[in-house]
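Dear colleague,

I am handing over the structure below, and I would be grateful if you could read my notes with it open beside you.

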Amino acid sequence: MTLFDSDPPGDRSSSPAIRRTGRVGAAVGAAALLALASACTSTAASTDADPKPSADRLAAYYGQKLSFGSCADFGTSAGDKKLYVKPFECARLEVPLNYEDPTGRKIRIAVLRLPAQGEPGQRIGSLVLNPGGPGGSGMTQATSFSAVFAKSPLVQRFDVVGFDPRGVGSSTPAIRCFSDAEHDRGEDQTTLLASSGGWSGEDTRRLAERCAKGSGGAEILSAVGTRNAARDLDVLRSALGDEKLTFAGQSYGTRLGAVYAEMFGTNVRALALDGVVDPTLKNPQRRLSQQAGFQQSFDKLAASCAASMDCPLGTDPAQATTVFQKLVRPLIDNPVPAGKGRTLNFTQAVGGITAGLYSPEVWPVLIKGLAQLKQGDGTQLLKVGDVFGGRDPSGGWNNYLEANLAINCNDEVRRTPEEEARLRADINRTSPFVDSGEKVDGVSRDACEAWPGEPSLGIPYAQNVKGLPATLIISVTGDPATPYAAGRVLAGDLGGTVLTVEGARHTVAQDGINPCVNTASPPTSSI
């Protein structure tokens with residue numbers, strides 16, 4: 001399973017404690033921040049970035065008016081089709097594949113909207129969402145967000161808008177590397193980090209070639225990075241008729257929001273960024289920080305489980321990692337049955353556990369899965385990984401994993417085989433529960449090694465951004481995927497405020513599961 005950062009499966013209800021910190025201003029809740037009156041103004045943000053070619057070359061794109069209608073032709077799975085129904089409306093936004101060549105090939109961004117449900121005179125504008133990933137569907141996020149906040153001023157006063165970033169979901173063309181059958185057989189590996197196996201340079205070339213073949217060509221693979229997604233987001237803002245952008249991003253969505261603020265700061269109305277990706281860390285440092293968080297969560301899972309005499313990880317938490325290794329390492333050579341003709345291998349087992357560590361509410365499911373695995377049954381752990389990876393109950397897979405790979409390959413600096421082996425070894429030391437016990441020297445390759453084009457994000461990003469309007473950064477103290485400290489870093493870079501949530505989960509705001517976050521309000525002077 002490929003992991004950058006995204007939201008896990010399962011019920012996420014909890015009420016962790018909260019405290020307010022920050023560099024600038026008073027902390028405000030996500031709902032309150034985004035519902036500030038439309039008359040709010042601020043000084044213009046400044047940055048050294050040159051975000052786009054001259055306006056006249058892009059005028060046709062910025063002048064688009066979206067034609068919203070039925071969502072019947074949208075969605076890539078049976079589950080999507082059930083969600084994308086009235087009162088939701090859908091449209092397609094046309095953008096250039098290459099912003100340096102706006103008269104060249106065009107692609108289409110899929111957009112879903114729930115029109116503001118309140119009185120027409122109370123409408124503020126559009127609230128645009130990103131769920132993370134990278135590779136998560138903003139369209140699907142908009143449907144769940146609308147249900148959670150159905151009675152909130154957010155849904156009453158804003159059009160709730162979700163879009164599938166270029167290469168993702170219902171946007172066309174979409175990144176595709178594997179068939180559903182290959183996904184089901186576990187033949188969809190896109191990283192050796194926190195995984196098993198080895199690759200050669202030929203393996204990475206074949207991966208890039210098969211993704212190009214399934215996605216519409218190499219030029220598509222090299223054009224789906226975060227900076228292009230931010231450019232698309234600004235075109236979307238204009239096509240929605242909004243002078244300024246109101247944006248809520250979680251997990252990877254905080255990277256997208258921060259890059260947008262860097263490139264288009266004068267077009268920002270308000271930002272709420274939850275579960276922050278550190279804008280100063282390159283991939284090796286970020287992955288090590290993330291894996292340290294996952295090990296901490298695994299240790300907490302083991303301690304919780306150890307209270308029961310029948311805990312599959314044993315009653316001594318200090319030995320839980322060793323017990324787990326003995327349980328999953330045999331799966332490298334001998335996968336176990338996992339129902340309906342499928343099997344569970346080492347990579348899938350570790351991926352399922354890691355996915356469940358995002359949220360303590362899923363831990364009982366993981367413990368059940370580990371107990372089954374001790375009996376030679378991988379069904380439960382495979383199900384957890386399936387949900388996280390985008391498998392529909394009908395057996396169809398969305399393209400989350402493939403899009404995740406493609407976007408990261410466009411964003412992150414690529415590593416040599418020696419650097420990849422060193423990172424792999426460092427991850428195994430930092431997070432030993434994912435250690436397969438295999439050698440890493442001479443068999444480790446960055447999956448992006450043969451990817452077409454060059455990384456385009458640039459790290460650090462979102463530096464020297466000044467004068468942004470109200471920016472809320474939400475960080476959870478025990479977040480296993482995006483460590484709390486990253487929120488403070490981004491708040492310093494954007495001049496924002498940190499809302500600190502004490503807990504052990506990844507992201508909290510868009511699910512509406514924390515009453516304190518939902519109701520924290522700004523001072524009267526902020527309105």
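What follows is a summary of the overall make-up, the salt bridges, the nonpolar cores, one helix pair and two loop residues.

Please keep in mind that this is a predicted model, in which local features need pLDDT of at least 70 and side-chain atom pairs count only at pLDDT 80 or more, while totals for chains, interfaces and linings use all residues. Residues are numbered from 1 along each chain as its sequence is written, and side-chain values use heavy atoms, with hydrogens and water left out.

To begin with the whole chain, its secondary structure comes to 19 helices and 11 strands, where helices (H or I, at least four residues) and strands (E, at least two) are DSSP runs numbered from the N terminus. Of the 527 residues in the chain, 59% are buried; here buried means under 20% relative accessible area, exposed over 50%, and partly exposed in between, with a 1.4 Å probe and protein chains only. Taking contact to mean heavy atoms within 4.5 Å, among contacts between residues at least 6 apart in sequence, 79% join residues at least 24 apart.

A search of the whole structure for salt bridges finds 23, the criterion being a side-chain nitrogen of Lys or Arg within 4 Å of a carboxyl oxygen of Asp or Glu. One of them joins the side chains of Arg 166 and Asp 232, at 2.7 Å from N to O. Arg 166 lies in the loop between strand E5 (158–164) and helix H6 (180–184), and Asp 232 in helix H9 (residues 226–239), so the pair ties together parts that are 66 residues apart in sequence. Both partners are buried, Arg 166 with a relative accessible area of 1% and Asp 232 at 2%.

Another salt bridge, also listed at 2.7 Å from N to O, is formed by the side chains of Glu 182 and Arg 210. Since Glu 182 lies in helix H6 and Arg 210 in helix H7 (residues 201–215), this pair ties together parts that are 28 residues apart in sequence. Glu 182 is buried, with a relative accessible area of 17%, whereas Arg 210 is partly exposed at 32%.

Asp 435 and Arg 329 also form a salt bridge, with their closest N and O atoms 3.6 Å apart. This pair links distant parts of the chain, 106 residues apart, with Asp 435 in the loop between helix H17 (417–430) and strand E10 (471–476) and Arg 329 in the loop between helix H12 (320–328) and strand E8 (336–337). Asp 435 is buried at 18% relative accessible area, and Arg 329 is partly exposed at 29%. In addition, Asp 184, Arg 342, Asp 386 and Arg 391 are linked in a network of salt bridges.

Turning to the nonpolar cores, by which I mean sets of buried Ala, Val, Leu, Ile, Met, Phe, Trp, Tyr and Cys residues joined through side-chain atoms within 4.5 Å, the largest has 73 residues, and those with the most contacts inside it are Leu 93, Val 128, Leu 233, Leu 236 and Trp 451. Helix H10 (residues 252–264) supplies the largest share of this core, 8 residues. A second, separate core of 40 residues includes Ala 338, Leu 344, Leu 357 and Leu 373. Not counting residues up to four places away in sequence, Val 128 touches several others, including Val 161, Phe 163, Leu 233 and Leu 236.

As for helix packing, residues Ser 297, Lys 300, Leu 301 and Cys 305 in H11 meet Trp 363, Leu 366 and Ile 367 in H14.

Two loop residues complete these notes. Ile 175 is in the loop between E5 and H6 and is buried, at 1% relative accessibility. Its C-alpha is 4.7 Å from that of Ser 215, although Ile 175 and Ser 215 are 40 residues apart in sequence. Leaving aside neighbours within four places in sequence, the contacts of Ile 175 include Gly 167, Ile 220, Asn 399 and Ala 406. Gln 375, by contrast, lies in the loop between H14 and helix H15 (379–389) and is exposed, at 67% relative accessibility.

With best regards
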